[in-house]
Structure formats: C-alpha cells, structure tokens
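User: Please take me through how the two copies in this model meet. Short answers will do.

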2 protein chains.
Amino acid sequence: MIIKVLRLGHRKARDARITTHVCLTARAFGASEVIITGEDDKRLIENVDDVTERWGGPFRVSYQKDWKKILKEWKGEIIHLTMYGIPIQDIIKKIKESNKDKLVIVGGPRVPGEIFKLADFNVAVTNQPHSEVSALAVFLHMFFEGKELEKRFENPKIEVIPSKSGKKIRESKI
Amino acid sequence: MIIKVLRLGHRKARDARITTHVCLTARAFGASEVIITGEDDKRLIENVDDVTERWGGPFRVSYQKDWKKILKEWKGEIIHLTMYGIPIQDIIKKIKESNKDKLVIVGGPRVPGEIFKLADFNVAVTNQPHSEVSALAVFLHMFFEGKELEKRFENPKIEVIPSKSGKKIRESKI
C-alpha cells in the first residue's frame, strides 16, 4: 500500500519552513511521496531532495498546480486531516481495514469546502488547533502502529548512531 | 505530574510559525506550559494566549532569557528530544516509570552540547531529520498512550463538534 501526502495551498514566502517540516515528517514516518500544491517552490523541493539524497530513500516530492486534477485521478482513498473531523481514535481502525492506497491531505487555515466532501475520511488528530505537522506525524504513527519508528532507508550517505548523551553519526565514503 | 516544554533558541524572524506550532502542539497534546528561550517574542506569546483564551485552558506560555537558569532550578527530570538520542520505542517505558515532573526540551538545529549532558534522557523520535513539532507531538502521544486525544479543556469559548464532512463549531455566548 502506498501512502502519499498532498500539501494544499503552499505559500512560498510564508509556509516554506512548515511545508518543509511536513515533507520531512512524511518521509521520516513512512509516506512515500509528498505533492505540493499552491505556489511552486523549487528551493524547498531541492532542500527536501537533498535530505533524501543524504539520509536515504526512496522518497519523492513534487509540485503540481491543480489539486482538483490530483484528486480526480487518485484511485485510492482520500484522508483529509482537519481539526473539524472525526476523532482519529474513533476512526483509525476503520481506515486500516482497507488495503487501498491512501492520499493524506494536509492544508492550512483555509481549505476549500469541496475537500471535506471529496474526502473518504475527515480525520481530527484532536479537535484542537495545533499544526498540520503534528497532525500528520501522529496520523502516520497511529496508522503504522509505531512500526514506522523502525523504518530503515535505502542507500543513506549518513546515519545516526543512537547515543545516550552525544551526537554520533556514520558517513559512507562514497 | 507536570509536563513542561522548553523551546530553545527561538529566533523571532525565522521561527515564529514553528515555535507557534510547538506551543499549540504542547497545549493540544497535554503539556501544561511552554517556556521559550532565545529571542523574546511578545506577539507570538499573545497569539498562543489568545488560542488558550478561546479554546480553553489551563495552558501557560512564557519567555525566559536564560535556559541554564531554568535547567538549574528544575526539580524533575529533563528529557531532550533529539534525532541523535535513544529511539523512543526503546526508552519510553523507562521514562514512564517515574512520577517526577518532566521538562521536555526541543531545540532547533544548533543545540548546545551541554544540553545532551544535562538531560536525563536524550530521546529520538526516529533518528531521521524532520521537525521539532512532530517529535514533540509523537513524544507526548506515546507518553500519554493516546489518552491525550480525549483531553477536555476548561472554559472554552469555542469548541469543534466533530463532523464527517463539514465544519461545525459551538460558541458560548459569554
């Protein structure tokens, strides 16, 4: 099963860091791809690709102008993370029942009302205002039941060696 | 037991949104307070206080200049979230054994080496680069074992009514 993330309504000047955190969270927690809509942002995509290049893949990030086209062409299920949705603890079991690919949508404050209708599931990671970054992380963590924490990436040039009290890394000499 | 979050090295121009997301994540996932160090940022603190005022508390956010003083005066345990630390799945059980108050430290890219030594636990929410926002959310989620998702806040002026496909809120008339 493939998990892709759709980041709606990116604004280059305002959202660069938050969208970068969305992308890196998607990668670290087991999604295979992020598609960014809103404003194109080549530098952001380069930065994320650079992390994948150094820390391992596979992971893709790309820009597409039209979110409607993406949703129209998507063959799997659509999960929209929103504080207005059904509490994740009440719906996650149902979401996990199906083996269909998942498109996980994260937006900003102004998500078009259509998205709520097009989504198979509108899911709230708490019904409180916080962050699309946290919502995505906890959604993926609950979806993968913690197994994402054991994920190994392919062909890393650099890896952390877990340490009690310092910074240890291993770098390949390629 | 009290869980406080210490946000190290805030930079007003660059980190305003990320630090705001750290604060809102701390609140939504059951911490009682965030202390910000680095640059003072009154507007950020007002914004977070405004969320607490509307969505309910109790939750505090404050600025202190000197992180060393905070750590020196802290009587409980210190947990530093860092990608270089021990994987959370290997250490969370041990962290939960003690009833002492917890100070959870989140930093940015350049955390002073001293913090690694002063922490009782250096904890990695994956050993991959991603986001202090995700790391904090998943740490609190694992620490509270999902119970934080049921948390109710006191005296909210506004509450979400969870909905399958729309935005429903309840506002008090005070």
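Analyst: Contact here means heavy atoms within 4.5 Å. This is a predicted model: local features need pLDDT of at least 70, side-chain atom pairs count only at pLDDT 80 or more, and totals for chains, interfaces and linings use all residues. Residues are numbered from 1 along each chain as its sequence is written, chains are lettered from A and ligands numbered from 1 in the order written, and side-chain values use heavy atoms, without hydrogens and water.

User: What share of the interface residues of chain A are also interface residues in chain B?

Analyst: The contact takes 51 residues from chain A and 51 residues from chain B. The copies meet through the same surface, because the shared portion is 100%.

User: Which relation links chain A and chain B?

Analyst: Superposition is by least squares on C-alpha atoms of residues with pLDDT of at least 70 in both copies. Chain A falls on chain B with an RMSD of 0.0 Å after a turn of 180 degrees and a shift of 0.0 Å along the axis. That is therefore the relation of a two-fold axis.

User: Which C-alpha in chain A is nearest the axis?

Analyst: Its distance from the axis is 2.4 Å. The residue is A:Ser134.

User: How much area is buried between chain A and chain B?

Analyst: Buried area is the accessible area (1.4 Å probe) that two parts lose on being put together, summed over both. Carbon and sulfur atoms give 63% of it. The total is about 4500 Å².

User: Which three residues supply 16% of the area that chain A buries against chain B?

Analyst: No other three residues supply more. They are A:Arg17, A:Tyr84 and A:Leu149.
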